[in-house]
Amino acid sequence: PNNKMAKEDEDPSVYLENVVFPTLLPGIEETLRVAKKTERRKRFNPLDYLSSYLYRHNPSKTGRLDVSFEEIPFVKDEWALRPRPPLPLSARLTEEEAATIIQAYYRGYRVRCLPPIQQFREWRKGYWEEVEAITKIKQFWRKKSSVINKHSSP
């Protein structure tokens, strides 16, 4: 492989054709192949994959074929400064897991719409309002009795 640097008098298109494209184009092709094989909802970041491919297949460096994306030094440095946000739930769940969650929420919604459940919710709301009122009344009388006891003490 060519591991020459661009010379000042060299035409940029010649440099691209002789040095950059022989590594970049196979990397792009490999990225496309992997992307086609990957399930639509699976997490696949083509930029991460291409960066990893180019790092591992750099013609001027050897011994990098078994390095994962997370182990690349410049990736470690960047993530130390600016950690990557977590993947959205849609990228972390399988289709079956997502369907199960959606179904569970829908079943819960349907159950909460049933008339007996609505009646229970109304009763519970009234019950807690009553409990709150009783608590406030007790607190009021405790304060009043402590004030009365202070004034009635000799």
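Helices are counted here as DSSP runs of at least four residues and strands as runs of at least two, numbered from the N terminus. On that basis this predicted model contains 6 helices and 0 strands, and the order of elements along the sequence reads α-α-α-α-α-α. The chain has 154 residues, of which 12% are buried, and the points below take up its overall surface and contacts, its largest pocket, one residue of helix H2 and the salt bridges.

**Surface and contacts**
- The chain exposes about 13,300 Å², and carbon and sulfur atoms account for 59% of that area.
- When contacts between residues at least 6 apart in sequence are considered, 32% of them link residues that are at least 24 apart.

**The largest pocket**
- The volume of the largest pocket is about 420 Å³, and among its 14 lining residues those closest to the centre are Arg43, Asn45, Asp48, Glu70 and Arg84.
- Helix H2, which spans residues 46-56, contributes 4 residues to the lining, and this is the largest share.
- By character, the lining consists of 7 nonpolar, 2 polar and 5 charged residues.

**Ser51 in helix H2**
- Ser51 belongs to helix H2, and it counts as partly exposed because its relative accessibility is 29%, a value that lies between the limits of 20% for buried and 50% for exposed.
- Leaving aside residues up to four places away in sequence, Ser51 touches Phe69 and Ile72.
- Ser51 and Val75 are 24 residues apart along the chain, and their C-alpha atoms are separated by 9.6 Å.

**Salt bridges**
- Side chains of opposite charge can pair when their charged atoms come close, and the count for this model comes to 4 salt bridges, including the three described next.
- Arg33 and Glu30 are joined by a salt bridge with an N to O distance of 3.0 Å; because these two residues are 3 apart in helix H1 (residues 12-37), about one helical turn separates them.
- Arg33 is partly exposed at a relative accessible area of 44%, and Glu30 is also partly exposed, with a value of 23%.
- Glu78 pairs with Arg82 in a salt bridge whose closest N and O atoms are 2.7 Å apart, and Glu78 itself is partly exposed, at 34% relative accessible area.
- Glu132 and Lys136 form a salt bridge with their closest N and O atoms 3.5 Å apart, and both residues lie in helix H6 (residues 115-152), 4 residues or about one turn of the helix apart.
- Within this pair, Glu132 is partly exposed with a relative accessible area of 47%, whereas Lys136, at 51% relative accessibility, counts as exposed.

How values were computed
Residues numbered from 1 in each chain as written. Predicted model: local features only at pLDDT ≥ 70, side-chain atom pairs only at ≥ 80, totals over all residues. Heavy atoms only, no water. Buried < 20%, exposed > 50% of the residue type's maximum accessible area, 1.4 Å probe, protein only. Contact = heavy atoms within 4.5 Å. Areas by Shrake-Rupley, 256 points an atom, 1.4 Å probe, with all protein chains shown as cover. 1 Å grid on protein atoms, 1.4 Å probe; cavity = no way out; pocket = protein on both sides within 12 Å on 5 of 7 lines; lining within 4 Å. Points joined across faces, edges and corners; volume = space filled by probe spheres on them. Nonpolar A, V, L, I, M, F, W, Y, C, P; charged D, E, K, R; others polar. Salt bridge = Lys/Arg side-chain N within 4 Å of Asp/Glu carboxyl O.
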